[in-house]
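Visitor: I have a model on my screen and would like to know how its labels are earned. Could you walk me through a few?

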Amino acid sequence: MFNDGVKKSAAPSKDRDLRAELVAAAVEMLARPQPVAVPSLRSIARACQVAPSAVYWHFPSEADLRSAVLDAEYASMVRAVEEALDGAAADEDPLVAAGDAYIDWALAHPGAYQLLFESGDELPATRAPHGPRLQTRIVALARRVDPDAAFPAALLLWSGWHGIVSLRLHKGEWDWGMTPHQANRRLVAALAASSG
């Protein structure tokens, strides 16, 4: 009687396990990273109470708007970590200060964090002026963790910080038994102890 536009297939044959096929197809699709998206141009325009066409006066494309958003958020994250390092007390471990600032920024900016560090997109060159400066500082600090392999040590620290953030963003209902800052202190102490 009514046609919803979707082609109806014949009933599955008794020899076919469609349920298993559907699960297998979904598992295959999940073998690739899934997109994390900036809010749509329309929703951003709606939040500013302007027509979507008004956005094009300032950004030639949705991709340009997306890049501007990510540039701003990446710069904000770098600034937060650098300010924490610059303002750290003399007796404070700078790696702990950097990790705490990274974690705090990420938990306060969950959507931006996911776009920056949980999507498959490469960080474009527009973010380059910020990243290498902070990376150089963290690698220099990571020499304490592993003087002979400071860059891999810095990557390991970042991996730990990322894990603390990502799991708390996605598994907020879990009882972690410690705060993110306590986890960071344990992480830095464990890595420093393992190099000794």
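Guide: Happy to; we will go through some labels and the reasoning behind each, keeping in mind that this is a predicted model.

Visitor: Why is E82 called buried?

Guide: Buried means under 20% relative accessible area. E82 has 12% relative accessibility, so the label buried applies. This residue lies in helix α4.

Visitor: What does E82 touch, not counting residues up to four places away in sequence?

Guide: With those places set aside, E82 touches R133, L134 and R137.

Visitor: How do you know that the length of α7 fits a helix at 1.5 Å a residue?

Guide: The expected span is 1.5 Å times one less than the number of residues. For α7, with 12 residues, 16 Å is expected, and the helix reaches 16 Å from its first C-alpha to its last, which is close to that value.

Visitor: Which residues of α7 are buried, and what makes us say that they line one face?

Guide: They are G131, L134, I138, V139 and A142. Seen down the helix axis, the buried residues of α7 fall within an arc of 135°, so they line one face. An α-helix has 3.6 residues a turn, so residues three or four places apart point the same way. The buried residues of α7 pack against α4, α5 and α8.

Visitor: Which residues touch the most other members of the largest nonpolar core?

Guide: In this core of 35 residues, they are M77, V81, Y102 and L157. The largest share, eight residues, comes from α5. Leaving out residues up to four places away in sequence, L157 touches L95, A142, V145, L187, V188 and L191.

How values were computed. Residues numbered from 1 in each chain as written. Predicted model: local features only at pLDDT ≥ 70, side-chain atom pairs only at ≥ 80, totals over all residues. Heavy atoms only, no water. Core = buried A, V, L, I, M, F, W, Y, C linked by side-chain atoms within 4.5 Å. Buried < 20%, exposed > 50% of the residue type's maximum accessible area, 1.4 Å probe, protein only. Helix = DSSP H or I, 4+ residues; strand = E, 2+ residues; numbered from the N terminus. Contact = heavy atoms within 4.5 Å. Arc of directions from axis to C-beta.
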